[in-house]
Amino acid sequence: MRRRDSGGSALERARSLSFQFDGRELQGFEGDTLASALLAGGVRLVGRSFKYHRPRGVMSAGSEEPNALVELLRDGVYHPNIRATTQELHMGLQARAQNCWPSARRDVMAVNDWLSPFLGAGFYYKTFMWPRAFWEHLYEPLIRRAAGLGRLPQSHQDAPHEKAFAFCDLLVIGAGPAGLMAALTAARAGADVILAEEDRQMGGRLLSDHGQIDGMPGGTWAAGVVAELASLPNVRLMPRTSVFGAYDGGVYGALERGALHMAAPARTPRECYWRITAKRVVLASGALERPIAHPDNDRPGVMLLGAVASYWQRFAVDPGRVVVFGNNDHALATAKALAADGMDIRAYIDPRDGLATDAPFTVYAGAEVIGTRGRHGLQHVTLRHKGREFRMDADTLALSGGWNPSLHLACHMNGRPVWDDTIAAFIPRPGMVPDMEAIGAAAGQFSTHAALESGARAAAGALDALGLRAPECAFPQAEDAPYAIQPLWQVQGKGRAWLDFANDVTTRDVALAAREGFASVEHMKRYTTQGMAPDQGKSSNMGALAVLADATGGTIAGTGTTTFRPPFVPVSIAALGAGGYGKSFAPERLTTSDAQARAMGAPMIEAGLWYRPSYFPQADDRDWRDACNREALHVRNAVGVCDVSTLGKIDLQGPDAARFLDFVYTNTMSSLKPGRVRYGLMLREDGHVMDDGTCARLGDQHFLITTTTAAAGEVMRHLDFVQQAFCADWAVRLISVTEAWAQFAIAGPLADEVLGHIFGDLPELPFMGCAPVDLGAVAGRLFRISFSGERGYELAVPARYGADLFRQLVALAEGLGGGAYGMEALNVLRIEKGFVTHAEIDGRVTAFDLGLQGMVSPRKDFIGRAASQRAGLTGAARLQLVGLRPVNAQAEITAGAHLYAPDQPARAAFGQGHVKSVCYSPTLQSWLALALVRNGRARRGERLRLDDGLRGIRVDVEICNPVFFDPDGGRMRD
Amino acid sequence: MRLICPCCGWRDRREFTYMGADDYLHRPVPDAPPEAWDEYLHNRTNPAGAARDLWYHDPCGTWVCITRDTITHAVTDGTRLEDAQ
Ligand SMILES: [Zn+2]
């Protein structure tokens, strides 16, 4: 193989590029693919096969390539399984062969090929069964080492990938004659058109065949159409884009190749994952040529005829002495055209008898190729003709076993294609994917005229459905040659005949599978691994199916195909996950006090998407507990300030707002007076606790309720549902105002002094009272509520004033011997008071379990009422909320630990309950826990053993009142 | 997959939160027998074909009753709950 001196429509010969393959310096041109540059450079051996490590070369010129998968160097790291046939050449490209060591030429594992009699289909299933003791430590590591193609980079890859969304009236998949004609017709009518094409250049087979359209070369016609499409504002051309999946609702997945596959400006994403939503779709994906399963058909130098033509025409690759082995009219016509163009075609071999022999090369009708020779590349071909066998020297053997329509996308919704005897291939049925029409070669219509005609007709149909009018335009003239084929699924002879080149599956493997009972096509596939390599059997499925049908005595149509599933081409996880890792995976929600808290050195912890300060360290702290104890004592003894803005806030207004709240809370809110706040409990309709919070009546028809941070979204969704499903005609409206307000707790015996500095004249508020307040020109809200058990307030201001207010409050608190407190101290304070959070409200507890049955009104209907009265949701058998204190107050206890009677073993059958929250209370100088214990409220004073098997902690504890501190609540009330 | 919101039109299903079958709309009267509540809370048909289920369109806060076909996956309708009772 070598480069021709002229020609090559894809090449820019003025721009020479140097690159490396397996350490060898090579030259190519701008416009080359890696495959074309390797072939032009005389490199036929590009890798080793997966199982037998057979030498392999480039077989195709597109994304269906089974052999030429290489490792590509990018940013210092090798990326595996890059198809040389779609990889664009650029200056300095470095690639190497994979699945071989030390090199493709001298590969140690080639010994597998000698062992091949033992490595046939089902080898793993038969060999690695016994003895059982070998499974884990011998067989699995062995199989793992042999499995997989190429090696993944072992470091985290940070390079940018993108995801993008697009919408259109008409998506045209494939830019061959059919796709171009469809896109042009629709675009001229004003439809929004997306034209997606896998190749860098649009034109499909017009770029490599020799036909004419309207008297000009096909490539020239295509360039003209592409130029017109590019000039139209309603058209988006998407070259380098493989549409890989058809999904529900007109959604298509597509992968656009970027910086990983070409020379690109800095910061260009490596790949882009598109979701395209289309009203109508035209599938013009063309057809894939089939190889022929003859003995030794896997040698470098054995290629598909269409690929040979493509490399010749687009990339000026001279394949040397060529023997063509085909079984269809298209193959003979192509060979003639290539010979007329100067290709050195030595012979055309065809199993059909009675072919016209007007060719400038010898035509062997009724003949077959029965073998090849050449250690690292083809040297000669053996054929059988009229009972005679003889050799011919050849550099390239070009195969054409016919064409398979690329109908994959049409089958992605589980549609089954139909067998067409005249072209010996499956074609799509109409309507397999809603609003999609397959046209041209993808529908089994192989002439250029038929492609153009079906493109125009499909576009007209789509336009009609879209309510647009197809334009009148002159229809281009092109060849309309018939396509005749005589199927040739395997050539009998000595030696192995490959079906699946990527996974090393031969005709014998398929026959063996059938003999051993794996006779259904889905079983054969899994037993032999045929079709399971990165190419997903694009060049082998049809052949394997035919050989299986033959082995089982069935027909191809009756044997049926395996299921077509996305993706049509391999899609990297990095592309699928684009925008879905790091901060894009979990965006940050920051409170208004965030910067100040961080400036104070607070470690931030996640609460859902929110970040909240854990504690505020000081220089002489030994650890976080010192800070936590200090902050908790500040609140108990002086005053503390804490940002509580992350709690959900929902504003409800309207004449029926009170009635609505009565319906969603277990307790009654309509009796609440304006200016007062009430604690509320919400149930799910199944009777379990959903959330708790406060409900403030700001005015007669105006309420503000809070939710826990964790359940803010769920509660909003729930309230919207109840309102829209059951109370749609009630005069009430609700909206989340969580982010509109910054809210701070000011808690402790000196809380009034802090507020006195803020307001001068502190409004007189009773416990559980609320009032509007003025902070200078800023209208705020003050609530006298407490989650710490101390006299306390929550002060809310519009979010834009939050940062300033927090700074001011912290400074005032510090001046009074207190300061800011974080989540750790907040947790200590609430456990001391027995206040529950979602640590206790775990989705399985009822109001009864929490000891809140008094809040469940017996006098009204509300969400969850009926179910909460079910037998089994109340009573002694329930796990009930209790407090636990270790007998030795300094003995550390842990959340998640289980509880047992002192004399019983730590086994599930003896479980008495489990610990939900723990803390060390600096006020009470003891470890404390909130726990759920079977019939717990009746067992106060009883001793249990706390057993944390994971951490090896066993501590005797005593059941007590969950309100450890100030049980009658005087400190917060008075 | 795309769903239709009566407020916003056709949108990507990632904007929606799924709840379940539209049985949730038919809440028994408060003093209905436990069997009625059991039916309401727990028992669902699993239709092959036309199905109606409830989705929340998070960006606009509209609950939508979606009509779709569990065999073809075709989504044919989306209405407000008050129109779906
Ligand atoms: Zn909406």
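What pattern does chain B follow, read along the sequence? Let's start there, everyone, since chain B is a nice way into this structure. The pattern is β-β-β-α-β-β-β-α, which comes to two helices and six strands. Please keep in mind throughout that this is a predicted model.

A little more on chain B before we turn to its partner. The C-alpha trace spans about 40 × 30 × 20 Å along its principal axes. Chain B has 85 residues, and 40% of them count as buried. If you take the contacts in chain B with a separation of 6 or more, 44% come from residues 24 or more positions apart.

There is also a salt bridge inside chain B that I'd like you to find on the screen. B:Arg44 and B:Asp23 meet through their side chains, at 3.9 Å from N to O. B:Arg44 sits in the loop between H1 and E4 of chain B, and B:Asp23 in the loop between E3 and H1, so this pair links parts of the chain 21 residues apart. How exposed are the two partners? B:Arg44 is partly exposed, at 30% relative accessible area, and B:Asp23 is partly exposed too, at 26%.

Now, the interface. Chain B puts 26 residues in contact with 26 residues of chain A. Between them the two chains bury about 2,000 Å², with 57% of that on carbon and sulfur atoms. Which three residues of chain B supply more of its buried area than any other three? They are B:Arg2, B:Arg27 and B:Trp63, and together they account for 29% of the area that chain B buries against chain A.

B:Arg27 comes back when we look at charges. The count between the chains is two salt bridges, and one of them joins A:Asp861 to B:Arg27, with the closest N and O atoms 2.9 Å apart. For polar contacts, the count is nine residue pairs between chain B and chain A. On the chain B side, five elements each supply at least two of the touching residues: strand E3 (16–21), helix H1 (34–42), strand E4 (50–57), strand E5 (62–69) and helix H2 (81–84). H1(B) gives the largest share, four residues. By type, that side of chain B divides into twelve nonpolar, seven polar and seven charged residues.

On to chain A. The domain assignment gives six entries: domain 1 (2–125), domain 2 (162–287 + 405–466), domain 3 (497–553), domain 4 (589–646 + 740–830), domain 5 (648–736) and domain 6 (875–968). The C-alpha centres of domain 2 and domain 3 of chain A lie 30 Å apart.

Let me show you a few spots in chain A, beginning with A:Leu72. This residue is in strand E6 (residues 69–74), and at 0% relative accessibility A:Leu72 counts as buried. What surrounds A:Leu72? Leaving out residues up to four places away in sequence, A:Leu72 touches, among others, A:Val77, A:Tyr78, A:Ile82, A:Ala95 and A:Leu260. A:Ala95 is 23 residues away along the chain, yet the two C-alpha atoms are separated by 4.4 Å.

A:Thr707, in strand E40 (residues 702–707), is another buried one, with a relative accessible area of 2%. Its contacts beyond four places in sequence include A:Leu647, A:Ile650, A:Asp691, A:Asp692 and A:Val715.

Next, helix H11 (residues 521–528) of chain A, where A:Val521, A:Met524, A:Lys525, A:Tyr527 and A:Thr528 are buried. Right after H11(A) comes A:Thr529, with a positive phi near 65°.

Last topic: salt bridges. The whole structure holds 55 over all chains. My favourite joins A:Arg56 and A:Asp298, at 2.8 Å from N to O. A:Arg56 lies in strand E5 (residues 55–56) and A:Asp298 in the loop between strands E17 (287–289) and E18 (302–304), so the pair ties together parts 242 residues apart in sequence. Are these two charged partners buried or exposed? A:Arg56 is buried at 1% relative accessibility, and A:Asp298 is buried at 2%.

For another pair, look at A:Asp329 and A:Arg352, again with 2.8 Å from N to O. A:Asp329 is in helix H8 (residues 329–340), while A:Arg352 is in the loop between strands E21 (345–350) and E22 (362–365). Here A:Asp329 is partly exposed, at 29%, whereas A:Arg352 is buried, at 9%. Thanks, everyone!

Conventions. Residues numbered from 1 in each chain as written. Chains lettered and ligands numbered in written order. Predicted model: local features only at pLDDT ≥ 70, side-chain atom pairs only at ≥ 80, totals over all residues. Heavy atoms only, no water. Domains from an automatic or database assignment. Contact = heavy atoms within 4.5 Å. Buried area = accessible area lost by both parts, 1.4 Å probe. Salt bridge = Lys/Arg side-chain N within 4 Å of Asp/Glu carboxyl O. Polar contact = N/O pair within 3.5 Å; in protein donor to acceptor, adjacent residues only side chain to side chain. Nonpolar A, V, L, I, M, F, W, Y, C, P; charged D, E, K, R; others polar. Buried < 20%, exposed > 50% of the residue type's maximum accessible area, 1.4 Å probe, protein only.
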